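Biologist: I would like a close look at a single part of this protein. Please start with the overall picture and then work inward.

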Amino acid sequence: MLERVSTGISKLDEIIGGGFIKGRTYLIAGGTGTGKTIMSLQYILDGLKKNETCVYISLDDRISNVLIGALNLGWNFDQYVKFGNFIPFEIRLKTEDLKHGKESKSFVKHILQYTGRRRVDRLVLDPISSLVQGVGDLLWVREYIREIVSYIEEEIGSTTVITADIPSGSSALSRYGVEEFISSGIIVLDIFEHGPNLYRILYARKMRWSPMDMSKYVFNIVPNDGIVILGKLTDFLHKYS
Ligand SMILES: Nc1ncnc2c1ncn2[C@@H]1O[C@H](COP(=O)(O)OP(=O)(O)O)[C@@H](O)[C@H]1O
Ligand SMILES: [Mg+2]
């Protein structure tokens, strides 16, 4: 029996066949402003409420901005940080470092330095695309991301969420075409345009070893609750068209 970890959104757990599989890596893909950061913080918050140790690494924004944004949504992480269960930080790699072949191992070592080699239950890298911004060599980028994910699975053993910014309007699932292959599952966030209305939607695109509901679902972002799934997109289109 595979052990499952909740996404923090019970309806999403149902959609993906019972939650994430413990110890694996999952990808949340979507354009900018689709809710990737909020979904990954909701995943973290669920772990913290269960007394798990959680790490959130911001790769594009200052960590203070992320935490202030979360507070604005009604999520105060201070007590968990003080208690030591929550370890949020930012990593900003310079393009120069990458050009000179900065190893993926050193990136993971960097994480281990922050976490002090303690057991980490949940880990978020948000967004992985930022890690390699400005590096031209696509093959190298793919290998780098692949190595990071496999080191994390081996050395840290957390159930990991990586997010990927995909250009809006693109049907690609990730920026570098590798994130989707290394992950055990993909959740896509998008904004769906229907006449004068815009709907926030999400769907599962791939879930290894899990039964998966392929429907598109409409969701809202609500203060305190975060992502709230309202129902299937088809139902909305019938009701409101
Ligand atoms: N306090 C809030 N109340 C309601 N919606 C919010 C709040 N804060 C952010 N949002 C919504 O969440 C969206 C951004 O989500 P975010 O997770 O940062 O997106 P991404 O990481 O995919 O760029 C914003 O575009 C906004 O519509
Ligand atoms: Mg974000």
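How many helices and strands does the secondary structure of the protein chain come to? And which residues of helix H2 are buried?

Modeller: This is a predicted model. The chain's secondary structure comes to nine helices and 11 strands. Of its 241 residues, 39% are buried. Among contacts with a separation of 6 or more, 67% join residues 24 or more positions apart.

Start with the sheet, since H2 packs on it. The sheet is open and has nine strands. Their order is S5-S4-S6-S7-S3-S8-S9-S10-S11, and the pairing is mixed. Strand S5 (86-90) and strand S11 (226-232) are the edges, each pairing on one side only. On average, neighbouring strands are turned by 25° against each other, direction ignored.

One pairing within the sheet can be followed residue by residue. Strand S3 (residues 25-30) runs parallel to strand S8 (residues 185-194), and five bridges link the two. At one of these bridges, Leu-27 is partnered by Ile-186 in S8. In general, strands of a sheet pair through backbone hydrogen bonds, either parallel or antiparallel.

Now H2 itself. Helix H2 covers residues 36-49 and packs on the sheet. The strands that H2 touches are S3, S4 (54-58), S5, S6 (122-126), S7 (159-165), S8, S10 (217-222) and S11. The direction of H2 makes about 165° with that of S6.

The length of H2 can be checked. H2 has 14 residues, so at 1.5 Å a residue the helix should span 20 Å. The end C-alpha atoms of H2 are 20 Å apart, which agrees.

Next, your question about burial. H2 is mostly covered, with 12 of its 14 residues buried. At the start of the helix, Lys-36 and Thr-37 are buried. Further along, Met-39, Ser-40, Leu-41, Gln-42, Tyr-43, Ile-44, Leu-45, Asp-46, Gly-47 and Leu-48 are buried too. An α-helix has 3.6 residues a turn, so residues three or four places apart point the same way.

What follows H2? Asn-51 does, with a positive phi near 70°. Asn-51 is not a glycine, yet its phi is positive. Asn-51 sits in the loop between H2 and S4. Asn-51 counts as exposed because it has 10 C-beta neighbours inside 10 Å, and the cut-off for exposed is 12 or fewer.

A second asparagine shows a positive phi. Asn-224 has a phi of about 75°, although it is not a glycine. Asn-224 lies in the loop between S10 and S11. With 8 other C-beta atoms within 10 Å, Asn-224 is exposed.

S6, one of the strands that H2 touches, leads to another backbone detail. The peptide bond from Asp-126 to Pro-127 is cis, with omega near -15°. Pro-127 is in the loop between S6 and helix H7 (138-156).

Two more helices complete the view. Helix H3 (residues 63-72) lies across S4 and S5, and runs at about 130° to S5. Helix H8 (residues 179-182) holds Phe-181. Phe-181 is partly exposed, with 15 other C-beta atoms within 10 Å. The C-alpha atoms of Phe-181 and Arg-146 are separated by 8.9 Å, and the two residues are 35 residues apart along the chain.

Back to your chosen part. H2 packs on the sheet, has 12 of its 14 residues buried, and is followed by Asn-51 with its positive phi.

Terms used. Residues are numbered from 1 along each chain as its sequence is written. Chains are lettered from A and ligands numbered from 1 in the order in which they are written. This is a predicted model: local features need pLDDT of at least 70, side-chain atom pairs count only at pLDDT 80 or more; totals for chains, interfaces and linings use all residues. Two strands pair if DSSP finds at least two bridges between them. Helices (H or I, at least four residues) and strands (E, at least two) are DSSP runs, numbered from the N terminus. Axes are lines fitted to C-alpha atoms, for helices over the stretch in contact, and angles run from 0 to 180 degrees between N-to-C directions. Two residues are in contact if their C-beta atoms, placed from the backbone, lie within 7 Å. The expected span of a helix is 1.5 Å times one less than its number of residues. A residue is buried if 20 or more other C-beta atoms lie within 10 Å of its own, exposed if 12 or fewer, and partly exposed in between; C-beta atoms are placed from the backbone.
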